[in-house]
Every structure is written in structure tokens, then in C-alpha cells.
Amino acid sequence: MNTLPAIFLSHGAPDLTIREGEVTHFLRSLDQQFSKPNAILVISAHWLTDLPRVSTAQNPRTIYDFSGFPEQLYHLNYPAPGAPELASRIVSLLTQADIPCETHPERGLDHGAWTPLLLAYPAADIPVTQLSIQYYRDPLYHCKLGQALEPLRQEGVLIIGSGGITHNLNAFDQNYNAPPPYWVEQFDQWVAKTIEDGHWDALIRYRQLAPYAPENHPTEEHFLPLFVALGAGGVKAKGIQLHRSYTYGAFSMAAYAFS
């Protein structure tokens, strides 16, 4: 099998699966861009723990970790099999890298995982597990976490960091197709250029260097999965933009691949 990239997806709002637009068209074509994975590992912005925790669930449930959206969303299901063997491999890799980790026997798939997967791999026939992020740790730590996972890419595992290039709920526009405000575009363009140029040190220091960083990320949990994907791309990783669009004004839906 060809080595798979590590990718970052902006998953947007939970209603993405029942919308139509540029990003849904992109996600529905994602399975055509790479070889079919043996398994999928999702690092989601919606699973936050003190230490890295990986799910060993045999049949992970679909978690509806949101409220106030259309009723039909609560009837969607993503019945992919779990990946306990992959979870064991992840524990081994993190242990080798001196990164303490834990397992969770029942953790299901939150909407940061199942929302993009339902569009990209609707057959739900690929084993999936999730790995948590550490909300109190910085981008460099998450980059090193990703570096420990890099061997998985040669083993047919698609590593997906799922979050948001921009994520400020206070700027959420009720209009799904609202244009992005200036400060969202400026940050989004800075991230794209920094990744294109391979300036990883600058990306890791985005909080100090990027325009409007605090406005786009009042909290960092939706940006941290990007650094796991970056690290998993390898020490000589090159990044390419797979997609760019916006939803609800404040949400950049940009996606990137690192390899």
C-alpha cells in the first residue's frame, strides 16, 4: 500500500452532513484522492483529556455532542467498526516516544469524527478509533504527539486531525453562506501561506505571529489537531491545501495534507 498522508479537516458545524456546498462536495471526493485506508485514526477537537487517551471500543457509538440543531441530525448514525488493534499500536508508539497515554474501552465517535467521515467514507466499512488532545498543552507538544504516530502512515492508516482553521462561536453567523469577515480571511490566508512555505516554526508560534489569532481562536482546541497532523507528516513534511471555503461566516473549512 502507498504511504498515506496525514490530513487536517475543518469539520465546521454539526449540520455539515445535511448541507450542500463546496466543502461537502470536497469531502465526498476525499476517498478518491488517496488509497483506501486499512484503518482511520481521528484526533478530534471534541475529545479533551489530561493525557492522550485512545479508544479501544469494538463498536464505537455515534455521539451527538451538540444541541439546538435539526432533529434529523440526531437520527444519523456512523456504524463503523472500532479498531482495538490500532489502538494497541498507538499505545505502543506513544510509549516508545515517552508520552504517557491511556485507553478508553467505550469511547464512541464525536461529531468531529463522524461528521466528516459520514461524507468521505459513507459505507462506514473502515475501522475507526479516536485519540484525544490535551487542551492545556501547546502546539509543539501536539506536533511531537503526531511525530510519534508517523509510522502508522506506512501501515495503511489514515491519520485525520479534525478541528477548524478558524473557530470563534461568538462570530457565528446565522446565514450558512455568509461571507467571512476580514479578520477571518486574514488569519486563514496567513495559515495557508505559512503551510505552503513550510514555515513550521512560525506555524507553531501562530499565537504570536498570525494576524487576529486570538479573535479566530479564543480557545485553542480546534486548532491543535492541525499540529498532530503536521507532526505525523514527518520531519521533512510538505503541506498542501486540499480545500478552501467558508461556512457561517466565521468558519474556515480549509483542509490540508502533510507528507
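The exercises below, each with a worked solution, concern a predicted model.

**Exercise 1. Helix α2**

Task: What span should helix α2 have, and which of its residues are buried?

Solution.
- Step 1. Helix α2 covers residues 84-96, which is 13 residues. At 1.5 Å a residue the helix should span 18 Å, where the expected span is 1.5 Å times one less than the number of residues.
- Step 2. The end C-alpha atoms of α2 are 18 Å apart, which agrees with the expected span.
- Step 3. Under the cut-off of 20% relative accessible area, the buried residues in α2 are Leu86, Ala87, Ile90, Leu93 and Leu94.
- Step 4. Viewed down the axis of α2, these buried residues fall within an arc of 125 degrees, so they line one face of the helix.
- Step 5. Glu85 and Gln96 are exposed and sit on the face of α2 turned away from its buried side.
- Step 6. The packing partners of the buried residues of α2 are the strands β2 (39-48), β3 (53-55), β5 (128-133) and β6 (157-163), together with helix α4 (139-149).
- Step 7. Just after α2, Asp98 has a positive phi of about 60 degrees.

**Exercise 2. Strand β1**

Task: How many residues of strand β1 are buried, and in which sense does β1 pair with β6 and with β10?

Solution.
- Step 1. Strand β1 runs over residues 6-10, and 5 of its 5 residues are buried.
- Step 2. In a regular strand, side chains alternate between the two faces of the sheet.
- Step 3. In β1, Ala6, Phe8 and Ser10 lie on one side and Ile7 and Leu9 on the other; all are buried, so both faces are covered.
- Step 4. With β6, strand β1 pairs in the parallel sense over 5 bridges. Ala6 has Ile159 as its bridge partner in β6.
- Step 5. With β10 (residues 255-258), strand β1 pairs in the antiparallel sense over 3 bridges. In β10 the bridge partner of Ala6 is Phe258.

**Exercise 3. Arg153**

Task: Is Arg153 buried or exposed, and which backbone oxygen atoms does its side chain reach?

Solution.
- Step 1. Arg153 is located in the loop between α4 and β6.
- Step 2. Its relative accessible area is 5%. Buried means under 20%, so Arg153 is buried.
- Step 3. A polar atom of the Arg153 side chain lies 2.6 Å from the backbone oxygen of Leu4. The Arg153 side chain also reaches the backbone oxygen of Ala232, at 3.2 Å.
- Step 4. Leaving out residues up to four places away in sequence, Arg153 touches several residues, among them Ala6, Ile159 and Phe258. Both Ile159 and Phe258 are bridge partners of Ala6.

Terms used: Residues are numbered from 1 along each chain as its sequence is written. This is a predicted model: local features need pLDDT of at least 70, side-chain atom pairs count only at pLDDT 80 or more; totals for chains, interfaces and linings use all residues. Side-chain values use heavy atoms; hydrogens and water are left out. Helices (H or I, at least four residues) and strands (E, at least two) are DSSP runs, numbered from the N terminus. Buried means under 20% relative accessible area, exposed over 50%, partly exposed in between (1.4 Å probe, protein chains only). The arc is that of the directions from the helix axis to the C-beta atoms. Contact means heavy atoms within 4.5 Å. Two strands pair if DSSP finds at least two bridges between them. A polar contact is a pair of N or O atoms within 3.5 Å; within protein, one must be able to donate a hydrogen and the other to accept it, and residues adjacent in sequence count only if both atoms are side-chain atoms.
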